[in-house]
Amino acid sequence: MVFMQKQHTAMCNSLIDRLRKETALSFDEYLFLIKNRDKCADYLYKNASQVRESIYGNKIYIRGLIEFTNYCKNNCFYCGIRRDNKKADRYRLSSDEILSCADYGYHLGFRTFVLQGGEDAYYTDEMLCDIVQQLKEKHSDCAVTLSLGERSFESYKALRNAGADRYLLRHETADPEHYGKLHPPEMSHKNRLECLENLKKLGYQVGAGFMVGSPFQTEENLAREMLFLKKLNPHMVGIGPFISHKDTPFCNQTSGTAELTLFMLGLVRLTLPYALLPATTALGTIDDSGREKGILAGANVLMPNLSPVNVRKKYMLYDNKICTGDEAAQCIECLKRRISATGCEIEISRGDYKGEK
Ligand code: SAH
């Protein structure tokens, strides 16, 4: 038994060495690592940290997240701001409120702003383009990232022309069948992937990603995620644990774990060495030191909340979300402290992708 375990550890470590060198493994090899992760997690994190450091040094990029609307036309089974959650207290920020969040963030040192929201038709292309344009005019040294869900090619194009630099659209799962178990029938995996392709065509820096431990997800699914990401080759990869929300159809489903999320972060760092990889708020929610551990597993981005304090509790995608009470300035101080414990430090810059393209 002990002999078998040692043999497995040796096999895992040599797969990790090869992954680091070749930046890809087969489905069976990824699966083997995921299944035997208890025997090689520390070795993976050591390698992932070294790769992060060799490309991005000890710098952690920060993005100011502005959650500007929690209205959503979609009904994703996992999400707390889904259309049918009648208990959600809905809000929208005006253009001026969004711009003043960014001004405050700029003063705190943010050089990237992420505008995220539910799919809310109240904000027309014209309004959104105007906000993006004003943001870029006021702060020409900043990057603007959008995370507004699925839109038409024309809409993505207009927003890109208005100055948007990056777009986050997690694919949520690489498996269409699994997608169907997380979303109502009117939502389509094919459309989501087409959106990602369109964003790439339009020259956005693109972020994909998935939840770890989402209902019905198997270890095989997770191995497929790695092959999917390798092929898509996105600039950013958002990975966080699924956390159940009490007013959704998944209220009784088990949440994902920090342990598995960290392992997946490590695999992504070795598979896409240049990726911008956030240690997410969901990871910090499921484990008090999740974000620090995320950095030590290969992450290099943090996305503190810049939304006005009075709306933060309303953008509740999952239960017990952290950082919903503090002022943004307090968040930054707290993060600086936490990051210094990892030997890294916050970098004040747009924090662009360092890979090719
Ligand atoms: N409407 C935008 C933004 C969605 S919110 C869009 O469609 O892209 C951002 C991400 O939060 C989602 O992509 C999803 O992966 C994550 N999320 C939603 N509900 C969650 C939950 N219960 N637990 C963990 N992450 C969740």
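## Starting inside helix H9

Let's begin with Ala223, which is buried, with a relative accessible area of 0%. Keep in mind as you look around that this is a predicted model. Ala223 is found in helix H9. Leaving aside the neighbours within four places in sequence, Ala223 is in contact with Phe27, Tyr30, Leu31 and Ile34.

For a sense of scale, try Asn310, which is 87 residues away from Ala223 along the chain. The C-alpha atoms of Ala223 and Asn310 are separated by 40 Å.

## The rest of H9

Helix H9 covers residues 219-232, so if you count them on screen you should arrive at 14 residues. From the first C-alpha to the last, H9 reaches 20 Å, close to the 20 Å expected at 1.5 Å a residue. Just after the helix comes Asn233, whose phi is positive, near 50 degrees.

Which residues of H9 are buried? Along with Ala223, they are Asn221, Leu222, Glu225, Met226, Phe228, Leu229 and Leu232. An α-helix has 3.6 residues a turn, so residues three or four places apart point the same way. Try looking down the helix with that in mind.

And what covers the buried residues of H9? The cover includes four helices, which are H2 (27-35), H7 (176-182), H8 (189-201) and H10 (258-271). It also includes two strands, E6 (205-212) and E7 (236-241).

## Two loop residues with positive phi

Most residues other than glycine have a negative phi, and most peptide bonds are trans. Here are two residues to check against that.

Thr23 is not a glycine, yet it has a positive phi of about 55 degrees. You'll find Thr23 in the loop between helix H1 (2-22) and H2. Phe216 isn't a glycine either, and its phi is also positive, at about 75 degrees. Phe216 lies in the loop between E6 and H9. With a relative accessible area of 46%, Phe216 counts as partly exposed.

## Around the ligand

Now move over to the ligand, which has 17 residues around it. Which of them come nearest? They are Tyr78, Gly117, Arg170, Glu172 and Ile243. By type, the shell around the ligand divides into ten nonpolar, four polar and three charged residues.

Some polar atoms are worth zooming in on. A backbone N or O atom of Tyr78 lies 2.9 Å from a nitrogen atom of the ligand. Arg170 uses its side chain, with a polar atom 2.9 Å from an oxygen atom of the ligand. Leu317 has a backbone N or O atom that lies 3.4 Å from a nitrogen atom of the ligand. Taken alone, the ligand exposes 550 Å², and the protein buries 91% of that.

## Far along the chain, together in space

Leu317 turns up again when you look at Ala88. Their C-alpha atoms are separated by 9.9 Å, although Ala88 and Leu317 are 229 residues apart along the chain. Ala88 sits in the loop between strand E2 (64-69) and helix H4 (95-108). Is Ala88 buried or exposed? Its relative accessible area is 18%, so Ala88 is buried.

Lys87 lies in the loop between E2 and H4 too. Lys87, though, is exposed, with a relative accessible area of 66%. Its partner to look for is Asp247, 160 residues apart from Lys87 in sequence. In space, Lys87 and Asp247 are 7.4 Å apart, C-alpha to C-alpha.

## A last stop at Thr285

Finish with Thr285, which lies in helix H11 (residues 281-286). Why does Thr285 count as buried? Its relative accessibility is 18%, and buried means under 20%.

Not counting residues up to four places away in sequence, Thr285 touches Ile243, Tyr318, Asp319, Asn320, Lys321 and Ile322. One of these, Ile243, should look familiar: it is among the residues that come nearest to the ligand.

Note on methods
Residues numbered from 1 in each chain as written. Predicted model: local features only at pLDDT ≥ 70, side-chain atom pairs only at ≥ 80, totals over all residues. Heavy atoms only, no water. Expected span 1.5 Å × (residues − 1). Buried < 20%, exposed > 50% of the residue type's maximum accessible area, 1.4 Å probe, protein only. Contact = heavy atoms within 4.5 Å. Near = heavy atom within 4 Å. Polar contact = N/O pair within 3.5 Å; in protein donor to acceptor, adjacent residues only side chain to side chain. Areas by Shrake-Rupley, 256 points an atom, 1.4 Å probe, with all protein chains shown as cover. Nonpolar A, V, L, I, M, F, W, Y, C, P; charged D, E, K, R; others polar.
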